[in-house]
Amino acid sequence: MAVNFPYLDISNCNASVKVAQNGAQIFGFDRVGEPPVIWVSPEAIYKKGFPLRGGIPICWPWFGPHPEDEKKPQHGFARIMSWELEDFSDSDKGVTLSSFSLSESEDTLRLWPYRFRLTLSVEVSKALTIRLNTKNTDDRPFEITQALHAYFFVGDIQDVEIEGLDGHYYVDKVKGGEEARQDGSLFITSETDRIYRHTGSCRLIDRRFGRVIVIDKKGSGSTVVWNPWQEKARQMADFPDDGFRNMVCIEAANVLEDRVRLEPGQEFTLEKRIEVDSL
Ligand code: BG6
């Protein structure tokens, strides 16, 4: 890891989690004696102001490319700004709470002309629960799209099944935005980049690791599933050529028509809970 890359290392009897000051990005969730839950690229760049490949980047206040200006950072700016540690508390029951915040600055106002307060709360127990709260502190309404873009570590992508999306419609970005309906479980066998209209949970069944990762969420009407597969992986400087075999992103999001509009003073929380069970 690079020097000058501050992060908080949270550890209790149940699990350990790392949260970078850059982007309040979680880049590790480990449970004692088990393979990591979260994938982090071995070629990730640990540098302030740069997105870190892997972990749980926060995409905010827009998801994907900026709708009008492609020169603005992909997935917004929250993941490349420096956040403040607000609170930290530890219980003897193996639950650790921490929270981080980001508000407008000259840099953010240049990219997005609104005042806001963004708070990420991180609860580490046997499970990892993260809550991203957006408060509109401006005197005008604003709209956001967002995602908690978790990269999950898997034993072998060819042995993975994702349950919970059956019957849900999705926009297929690999097929130019074509709409389709999921039939049964999702198996990843090629480049996958989909936005599901979906409010429920997902179960990531990993037979190699003999475990299931249960992903619950609140405040989210869209679930994004992404795996770049071989060709796209090769094109990314911070992604090993064969890294696609050991990861899949399942993101709790608000995108497309599921945007969040906040009046002055209003707030909204997007929550994601990650639990691991054995098969
Ligand atoms: C996913 C998007 O959420 O993130 C993909 O749906 C995108 O289209 C991927 O390629 C990675 O984005 P980035 O900016 O971290 O390379």
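Okay, let's start with Ala-24, which is buried, with a relative accessible area of 0%. Keep in mind that what we're looking at is a predicted model. Ala-24 sits in the loop between strand 2 (15–20) and strand 3 (26–31). What's odd about its backbone? Phi is positive, about 45 degrees, and yet Ala-24 is not a glycine.

There's another residue like that, and this one takes us to the ligand. His-75 has a positive phi of about 65 degrees, again without being a glycine. You'll find His-75 in the loop between strand 4 and strand 5. Is His-75 buried or exposed? It comes out at 8% relative accessibility, and since the cut-off for buried is under 20%, His-75 counts as buried.

While we're in that loop, have a look at Pro-61, which also lies between strand 4 (58–59) and strand 5 (84–90). The peptide bond joining Trp-60 and Pro-61 is cis, with omega at about 0 degrees.

Right, the ligand. Its surroundings are Arg-53, Phe-63, Gln-74, His-75, Arg-79, His-149, Lys-173, Asp-193, Val-224, Trp-226 and Glu-251. If you sort that shell by class, you get five charged residues, three polar and three nonpolar. Which side chains put polar atoms by the ligand's oxygens? Among them is Arg-79, with a polar side-chain atom 2.9 Å from a ligand oxygen. Gln-74 has a polar side-chain atom 3.1 Å from an oxygen of the ligand, and for His-75 the distance from a side-chain N or O atom to a ligand oxygen is 3.1 Å. As for cover, the ligand on its own exposes 390 Å², and the protein buries 83% of that.

Now, one of those shell residues, Glu-251, turns up again when we go to the cavity. How many cavities of 30 Å³ or more are there? The structure holds one, and the largest cavity has about 50 Å³ of space in it. Its lining is Gly-200, Cys-202, Ile-215, Asp-216, Lys-217, Thr-223, Ile-250, Glu-251, Ala-252 and Lys-272. Strand 17 (211–218) and strand 19 (247–254) are the elements that each give two or more residues to that lining. By class, the lining has four charged, four nonpolar and two polar residues.

Last stop is Thr-223, one of the lining residues. Thr-223 belongs to strand 18 (residues 222–227), and it counts as buried because its relative accessibility is 2%. Its side chain makes a polar contact with the side chain of Lys-217, at 2.6 Å. Lys-217 is in the cavity lining too. That's me done; over to you.

Conventions: Residues are numbered from 1 along each chain as its sequence is written. This is a predicted model: local features need pLDDT of at least 70, side-chain atom pairs count only at pLDDT 80 or more; totals for chains, interfaces and linings use all residues. Side-chain values use heavy atoms; hydrogens and water are left out. On a 1 Å grid over the protein atoms alone, a cavity is a set of points where a 1.4 Å probe fits but cannot get out, and a pocket is an open set with protein on both sides within 12 Å along at least five of seven lines; lining residues have an atom within 4 Å of a point. Grid points are joined across faces, edges and corners, and a volume is the space filled by probe spheres set on the points. Helices (H or I, at least four residues) and strands (E, at least two) are DSSP runs, numbered from the N terminus. Ala, Val, Leu, Ile, Met, Phe, Trp, Tyr, Cys and Pro count as nonpolar, Asp, Glu, Lys and Arg as charged, and the others, Gly among them, as polar. A residue is near a molecule or strand if one of its heavy atoms lies within 4 Å of it. A polar contact is a pair of N or O atoms within 3.5 Å; within protein, one must be able to donate a hydrogen and the other to accept it, and residues adjacent in sequence count only if both atoms are side-chain atoms. Accessible areas come from the Shrake-Rupley method with a 1.4 Å probe; for residues, only the protein chains shown count as cover. Buried means under 20% relative accessible area, exposed over 50%, partly exposed in between (1.4 Å probe, protein chains only).
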